[in-house]
Each structure stands twice: as structure tokens, then as C-alpha cells.
Amino acid sequence: MTTPEHFDAIVLGAGGAGLMCAAVAGQRGRRVALLDHADEPGKKILISGGGRCNFTNIGAGPTNYISANPHFAKSALGRYTAQDFIALVDRHRIAWHEKTLGQLFCDGSAKQIVAMLLDECPNTVSLRLGQPIRDVTHADGRFAVTYGDRTLTAPALVIATGGPSIPKMGATGFAYDLARRFGLKVVEPRPALVPLTLSGDEALFRNLAGVATPVVARAGKASFAEAALFTHRGLSGPAILQVSSYWRHGESIGIDFLPGVADGWLRIAKRARPRAGLRSALPLPARLAEALEEKLALPGELGAATDKALAEIERTLSDWRFTPNGSEGFAKAEVTVGGIATDALSSKTMEARTVPGLHAIGEAVDVTGWLGGYNFQWAWASGVAAGQSL
Ligand code: FDA
């Protein structure tokens with residue numbers, strides 16, 4: 001074993017949060033070791049947004065995040081905003097565009113974001129890649145991290161190893177294990193922004209694989225107006241991914257198949273086209289209209305149905321209930337809800353109250369954003385908050 005190397009801070013995990021934190025601390029003159037077991041930094045950034053990285057959302061604010069403590073993210077998000085990250089991107093002359101709903105993407109490639117973050121790291125940041133972390137200990141106010149055959153020590157340690165979503169990309173539950181070892185609690189982690197699966201009873205809908213339609217999807221009090229997509233296993237598309245973060249096993253989700261369509265439309269259709277069947281009256285993709293008609297069991301012409309029956313069908317179509325039998329799990333989840341409990345952390349510095357010097361940032365923490373650039377904004381903001389306090 002070689003002699004230990006000493007730093008001001010050790011950051012575990014060179015994803016978005018860890019890179020940002022190391023860059024900010026490095027710019028403040030801190031000697032930082034940034035460790036990752038992967039052979040390159042920012043792998044999730046590279047694959048994000050279809051290779052173009054949806055790096056922030058113009059409207060990002062605390063209400064776009066899920067956490068046991070909805071107030072926790074306010075401070076960091078308020079002090080490092082989407083505008084701050086846009087200014088950084090502009091300084092690096094990275095061209096970008098808004099795709100939809102405030103979501104900002106690179107015109108070129110996600111590689112530019114990783115290159116920018118590395119460029120922001122001064123030479124006081126030492127990046128160490130491709131070696132598993134073997135041990136982390138804490139004694140006399142210093143943390144010691146052993147990776148490969150080396151030991152590093154520092155008075156500050158930042159957990160930035162993310163959540164367990166997409167293990168085949170090197171994602172692990174390491175952050176939770178480490179946090180627990182230091183006595184911090186972990187809010188039960190669950191896959192989020194993930195496709196939901198349907199059971200045999202709803203096989204009719206699985207036969208619609210590939211059909212997409214704009215809907216309002218609801219889970220509990222949350223609702224999202226975006227597209228839903230039928231898949232071979234169940235439901236996906238942005239509206240479903242969004243509600244998946246709020247959904248829990250055993251609960252149903254509601255889908256309004258005709259958002260924005262005024263009450264009484266079916267009775268109006270009956271007057272206008274009494275000989276038409278339901279499926280031709282439904283302003284939906286033909287295969288979906290056919291499946292819904294089959295489920296609703298309204299054979300024959302609209303003119304033969306009572307207004308009461310049609311009103312009931314309208315109600316059903318505006319809140320169609322699916323009870324998913326599961327999700328596609330961490331293997332397909334874009335993020336994880338839950339994580340290191342925020343009540344043990346300072347919302348200003350991300351430092352654990354009970355273990356001076358220990359910090360946690362990014363997806364490892366129990367703060368989870370909606371789909372649409374919010375998760376990276378949390379990675380940047382929490383990384384800056386910790387980086388400024390190291
Ligand atoms: P992140 O997971 O990025 O980084 C953690 C780092 O720790 C990794 O480099 C990993 O290798 C390392 N690590 C893990 N375990 C370790 C161990 N035991 N030892 C050493 N190192 C370890 N968000 C968004 O806002 N816009 C988007 O476009 C997308 N798109 C997207 C697509 C896909 C396919 C996925 C899976 C996710 C997204 N996301 C997203 C979510 C976003 O990628 C995610 O929220 C952030 O990357 C979280 O950043 P962190 O730095 O916290 O963790």
C-alpha cells in the first residue's frame with residue numbers, strides 16, 4: 001500500500017453532481033479528489049436526452065421535485081438556477097434550443113456538457129477513474145478512502161454516486177450503504193420515470209404497442225398533460241413516466257383520453273351522426289378507438305344509446321382506470337425516488353448534521369425531479385451548494 005495522499009475534499013462519483021461540486025470547490029482553491037469506478041466521467045449525461053442532454057428546465061422550481069421534505073430543495077435551487085446553468089453553457093459557447101415545456105437541449109451533443117464540466121475543473125481537481133472504492137473510514141475528523149491500492153484522506157467527503165437506476169451503466173446503491181454506515185436514514189428507494197406494466201386482464205391494451213396519444217395522466221394528486229404510449233408490456237410515454245414517480249404498487253392511475261374535450265361531446269355527436277358507431281366518433285388513433293369501444297361494450301349506433309349511457313362513457317373516458325401490476329424496474333428507470341433522507345442534511349451546504357464534513361448531493365439524496373431537465377438542475381444546484389461549502 002502506498003502512503004496516503006491528502007486532499008481538502010474527496011468527492012465520490014463523477015456524474016453531473018460530483019463534477020459540478022468538484023469544479024466549484026476546485027475554483028475556490030480546494031484540492032479535490034474526484035473518484036469514479038467507471039472508466040469515464042458523466043456517463044448518464046452522455047446518454048441523456050437521446051445523446052443531446054436535456055440539461056435544465058427554464059421553469060425548474062421546488063414544486064417540480066418529489067421529496068419527503070418538499071421544502072428541502074428550495075435553498076439550493078434558489079441559489080443556483082436554470083439561468084445560472086444557461087449562463088455557464090453560453091460562456092462555453094454550447095448551442096442549445098428549447099424542445100418543449102421549457103426543456104433545454106444541446107444542439108450538438110451531450111459530450112459538450114461533460115467537456116464543459118471537466119473544463120470547469122481547475123488542476124486542483126484530481127480525477128481518478130476506473131477503480132472500485134474498497135473502503136471508506138472516518139477517524140479523528142478525517143475520512144480515508146481506499147480505492148485500488150491507494151488511500152486518500154480529507155476532512156470532507158461528498159457522496160455523489162447517484163441512485164441505482166440503470167445498473168448496467170454502473171449505477172449502484174453504494175450511496176445508501178455508505179450513508180447508513182454513517183447513521184443517516186434512507187427513504188425507501190423506488191424506480192421512477194419508468195414505464196408501467198399491465199397484467200393479463202388489460203392485455204387488450206398491450207396489443208396497441210406503438211400507439212401514442214395526448215392524455216392527462218393522474219396518480220394520486222399528481223397529473224400531467226403529455227403523451228402516453230402503449231407498449232408490449234404496458235404503458236410508457238412522458239405522461240406515464242411522470243406519474244410513475246408518484247405511483248405505488250396496488251394503486252390505480254387515471255387517464256383522460258380526451259383532455260380538453262367539453263362535456264356532452266358524445267351526446268352532440270349522437271345528434272349529428274346517429275348512425276355512427278362509438279369508434280368513429282372517438283377523435284383518437286383508430287386502433288385505440290377500436291380497443292376502447294370493445295372494452296366499453298357499446299355495440300351498435302350512437303343513436304341507439306341513451307344520453308345517460310353516453311354521459312357515463314364520457315366520464316369513463318375522462319378517467320380510465322388502469323391498475324399496473326408493476327413497473328419495468330430499476331433496469332429501465334430514468335431516476336430513483338427516495339434516497340438519503342434530507343432531514344439529516346443542511347439544505348444550504350448538503351452537509352450531514354451529525355457527521356461534520358460528510359455531504360450528499362445529486363440523485364443519491366431524497367430529491368427527485370420530474371421528467372424534462374429537472375434532475376440535472378438538481379444535480380448542478382446541489383453540487384454547487386456543497387462545492388461552495390467545502
Ligand atoms: P449519476 O448517476 O449521474 O452519477 C453517479 C456517478 O457515481 C456515476 O458516474 C457512477 O459511475 C458513480 N458510481 C456509482 N456507484 C459507484 C461506486 N460504488 N463507486 C464509485 N463510483 C460509483 N435528467 C435530466 O435532467 N435530463 C435528461 O435528459 C435525463 N436523461 C436521462 C436519460 C437516462 C437514460 C437516464 C438513466 C437518466 C436521465 N436523466 C436525465 C437523469 C439524470 O441522468 C440523473 O438524475 C443525474 O445523472 C444524476 O446525477 P448524479 O451525479 O447525482 O448521479
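## Surroundings of the ligand

In this predicted model, the ligand is surrounded by 30 residues, of which the closest are Asp36, Asn54, Thr172, Glu363 and Phe376. Helix 1 (16–27), helix 2 (43–47) and helix 13 each supply at least two residues of this shell, and the largest share, four residues, comes from helix 13.

Among the polar contacts with the ligand, the side chain of Thr172, one of the closest residues, places an N or O atom 2.6 Å from a nitrogen atom of the ligand. Backbone atoms also take part: a polar backbone atom of Gly16 is 3.1 Å from an oxygen atom of the ligand, and a backbone N or O atom of His37 lies 3.2 Å from a ligand nitrogen. Taken on its own, the ligand has 1,000 Å² of accessible area, and the protein covers 92% of it.

## Nonpolar cores

The largest nonpolar core has 81 residues, and those with the most contacts inside it are Phe85, Ile113, Ile340, Trp378 and Trp380. Helix 13, which spans residues 374–387, gives the most to this core, with nine residues; helix 13 is also the source of the largest share of the shell around the ligand.

Trp380, one of the residues with the most contacts inside the largest core, touches Gly16, Met20, Ile45, Phe55, Tyr80, Phe85, Ile113 and Leu117 when residues up to four places away in sequence are not counted. Two of these partners, Phe85 and Ile113, are themselves listed among the residues with the most contacts inside that core, while Gly16, another partner of Trp380, has the polar backbone atom that lies 3.1 Å from a ligand oxygen. A second core, separate from the largest one, has 41 residues and includes Ala228, Ile240, Trp247 and Leu292.

## Cysteines

With a cut-off of 2.5 Å between cysteine sulfur atoms, the model has zero disulfides. Cys106 is in no disulfide, since the nearest cysteine sulfur, that of Cys53, is 5.5 Å away, a distance to be read against the limit of 2.5 Å. Cys106 counts as buried because its relative accessibility is 0%, where the cut-off for this class is under 20%.

Cys121 is likewise in no disulfide, and the nearest cysteine sulfur, which belongs to Cys21, is 9.7 Å away. Its relative accessible area is 15%, so Cys121 is also buried.

Notes:
Residues are numbered from 1 along each chain as its sequence is written. This is a predicted model: local features need pLDDT of at least 70, side-chain atom pairs count only at pLDDT 80 or more; totals for chains, interfaces and linings use all residues. Side-chain values use heavy atoms; hydrogens and water are left out. Buried means under 20% relative accessible area, exposed over 50%, partly exposed in between (1.4 Å probe, protein chains only). A nonpolar core is a set of buried Ala, Val, Leu, Ile, Met, Phe, Trp, Tyr and Cys residues joined through side-chain atoms within 4.5 Å. Contact means heavy atoms within 4.5 Å. A residue is near a molecule or strand if one of its heavy atoms lies within 4 Å of it. A polar contact is a pair of N or O atoms within 3.5 Å; within protein, one must be able to donate a hydrogen and the other to accept it, and residues adjacent in sequence count only if both atoms are side-chain atoms. Accessible areas come from the Shrake-Rupley method with a 1.4 Å probe; for residues, only the protein chains shown count as cover.
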